[in-house]
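Got your viewer open? Here's a walk through the model, one selection at a time.

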Amino acid sequence: MIPEFVTPTVEWAPLTPVLFVLGAAVVGVLLEAFLPAGLRRPVQIGLSLLATGGALIAVAVLWGPVMDTGGYDVLGGSLIVDGPTLVAQGLIALLAMLSVLVMADRTAAKEDAFAPMVSASPGSDYERLALRRGMQQTEVYPLLLFATGGMLIFGSTGDLLTMFVALEVLSLPLYLLAGMARRRRLQSQEASLKYFLLGAFASALFIFGVALIYGATGSISFSGIAAAVPTPTGTEPLLLAGAVLLLTGLFFKVGAVPFHLWAPDVYQGAPTPITGFMAAATKVAAFLAILRVVYVMLYGLGWELTAVLWTVTIASMLVGTVAALVQNDIKRLLAYSSVAHAGFVLVGVTALDVRGPSSVLFYLLAYGLATVGAFAVISLVRERSASGGVTAEATSLGQWSGLGREHPVIGAAFVLFLLSFAGIPLTAGFVGKFAVFSAAVSGDAWPLALIGVLASAAAAFAYVKVIVAMYFPTTERTQGDGEESEAAPTSGAAGTTLVAAPARTTTVTVVRTEGWATVAIGVSAILTVLLGVLPGPVLDAIEQISLFLL
């Protein structure tokens, strides 16, 4: 007897945010192939903003139905569209939209942050020819959309195989984008290679952990694994080893200690708009995945995993804070700051309290806005050569001396983002830290909250150091010519700055651009203040919807 064929049904509505972004990414690739060169840039920018805006609207439309039903089990359990998924997807879409604005910004000379011909060797005749002809790498926009689509899926998966596929979809475009900087090309390519090699190693650990978990439980679905964990079968050591390897791959994506060594070099070498996007949006996706693994799939192993979670959390807060204090490069300082912030967010995860997921999601919103805004400001601070040409970004702390007085608006915006990082009251960062530390106290993890408060107080000195340099200059702000890309300041592995002898004198200025980055800075600053002054409605909305669908 021939079995009756059952037509599969797919609920397309819950997938709308993902379909908007990935559909636009595919269309963007086709446009690269068929559109004339002069039309590619405006069309790609418009398509990217439309896709991320559409995803944000789709999240808003789905909010009510998910509140009423608790969520949707889509594609046979491969994707779970519940409250935390919607919150994270909304954050990722918002941060991606702001990042597109920063990426799209150009100077008066029509130069953006990306190399005109990435395949050309740095300093070659081919690259100089591409510069003269004004060539542009517009495929960066489809690459960003593919990475965004992977992030939208990553934290909403219902099984480990789909999570691994989403991990690769979000990671591979970032490996490419990290090596496409217009200035300091060798440093950018080195960052891309390091990110790729270490990311591949972390992916291998992740998939090895998946294999061990499958061997121990006989399932790759979160619900199947969660049901198998409490049942004694004699495979508990195998399950625990798989869980640790799985979390190792996830800790790499958030830059937690000891899996953080890629972050300073990649943050410093990647194009600054990509650094902001990567630092903000990737953390949202990865932390939602960690929440789903710890609070849903492996909740029965909470006691066994406590030592691992506590160790990584404390080490991230302490190492990130101490390393940030001794940095003299702005991007490396923010890189180590991101390591410390990963530890602060892990406080909310490790609390294993009902308030943990909502506090983590709010913290990621506050941190993401400040991060995109801060790196947008950095992208505008440039070196100006003796001939008057605008060259590379000025990221050495000494170059920022007096910048706040000369450019008060940009200086005030950057100070606001730094204060939010530090957790100063009336900023979103303060509310975020208060939320995760409160969740830790509620979950009887008060030592983590205590260490977090002390680490936050110490980390404030790193941000104050930048503010003092901006408003109380003590040295002349000069630097070797930014055109000499490899003679610019670089940082060694220990974070000390090695400054080559300047061949020519340059000044530092806030460059005039088309204004896209200014819009991103303004939106980030306004939301940072609003979430610090009136956080109640957003906190309540996240708390009401932050229950995982099992």
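## Stop one: a charged network

Start by selecting Glu190, Lys194, Asp265 and Arg332, which are linked in a network of salt bridges. Keep in mind as you click around that this is a predicted model.

Zoom in on one pair in that group: the side chains of Lys194 and Asp265 meet in a salt bridge, with 2.8 Å from N to O. Lys194 belongs to helix H7 and Asp265 to helix H10 (residues 262-269), so colour those two helices; the pair links parts of the chain 71 residues apart. Turn on a surface and check both ends. Asp265 is partly exposed, with a relative accessible area of 22%, and Lys194 is partly exposed too, at 29%.

Side chains of opposite charge can pair when their charged atoms come close. How many salt bridges does a search of the whole structure find? The search turns up eight, and two more of them are coming up on this tour.

## Stop two: Arg182 and its surroundings

Next, select Arg182, in the loop between helix H6 (160-177) and helix H7 (185-217). Is Arg182 buried or exposed? Its relative accessible area is 13%, so Arg182 counts as buried.

Now add Asp112, its salt-bridge partner, with the closest N and O atoms 3.5 Å apart. Asp112 sits in the loop between H3 and helix H4 (125-132), so this pair ties together parts that are 70 residues apart in sequence. Asp112 is buried, and so is Arg182. Show the backbone as well: the backbone oxygen of Asp112 lies 3.0 Å from a polar atom of the Arg182 side chain.

To see the rest of the surroundings, show everything Arg182 touches beyond four places in sequence: Glu111, Asp112, Ala113, Phe114, Ala115, Pro116 and Leu131.

Stay in this loop and click on Arg184, which is also between H6 and H7. Arg184 counts as buried, at 9% relative accessibility. Follow its side chain to the side chain of Glu383, where the two make a polar contact at 3.5 Å.

## Stop three: a buried pair, far apart in sequence

Select Arg292 and Asp82. They form a salt bridge, with the closest N and O atoms 3.1 Å apart. Arg292 is in helix H11, while Asp82 is in the loop between strand E2 (79-81) and helix H3 (83-104), and 210 residues separate them along the chain. Both Arg292 and Asp82 are buried.

## Stop four: the nonpolar core

Hide the charged residues and pick Phe154, Phe287 and Phe414. These have the most contacts inside the largest nonpolar core, which has 179 residues. Highlight helix H11 (residues 272-297) while you're here, as it supplies the largest share of this core, 19 residues.

Then centre on Phe414. Which residues is Phe414 in contact with, leaving aside neighbours within four places in sequence? Look for Ile330, Ala374, Val377, Ile378, Trp400, Val466 and Met470.

## Stop five: a nonpolar patch on the surface

Switch to a surface view and select Leu161, Val165, Tyr214 and Ile220. They form a nonpolar patch on the surface, with about 360 Å² of accessible area together. Tyr214 is in helix H7 and counts as partly exposed, at 47% relative accessibility.

## Stop six: backbone oddities

Most residues other than glycine have a negative phi, and most peptide bonds are trans. Here are some exceptions to click on:

- Val257 to Pro258: this peptide bond is cis, with omega near 5°. Pro258 is in the loop between helix H9 (236-254) and H10.
- Leu75: not a glycine, yet its phi is positive, at about 55°. Find Leu75 in the loop between strand E1 (72-74) and E2; at 43% relative accessibility it counts as partly exposed.
- Leu426: another positive phi in a residue other than glycine, near 70°. Leu426 lies in the loop between helix H16 (408-422) and helix H17 (428-442), and at 59% relative accessibility it counts as exposed.

## Last stop: Pro535

Finish at Pro535, in the loop between helix H19 (516-533) and helix H20 (536-545). Pro535 is buried, with a relative accessible area of 16%. Beyond its neighbours within four places in sequence, Pro535 is in contact with Phe362, Val431 and Leu530. To try out the distance tool, pick the C-alpha atoms of Pro535 and Leu448: they are separated by 24 Å, and the two residues are 87 apart along the chain.

Terms used: Residues numbered from 1 in each chain as written. Predicted model: local features only at pLDDT ≥ 70, side-chain atom pairs only at ≥ 80, totals over all residues. Heavy atoms only, no water. Core = buried A, V, L, I, M, F, W, Y, C linked by side-chain atoms within 4.5 Å. Buried < 20%, exposed > 50% of the residue type's maximum accessible area, 1.4 Å probe, protein only. Helix = DSSP H or I, 4+ residues; strand = E, 2+ residues; numbered from the N terminus. Contact = heavy atoms within 4.5 Å. Polar contact = N/O pair within 3.5 Å; in protein donor to acceptor, adjacent residues only side chain to side chain. Patch = residues over 30% accessible without salt bridge, like charges linked within 9 Å, V, L, I, M, F, W, Y side chains within 5 Å. Areas by Shrake-Rupley, 256 points an atom, 1.4 Å probe, with all protein chains shown as cover. Salt bridge = Lys/Arg side-chain N within 4 Å of Asp/Glu carboxyl O.
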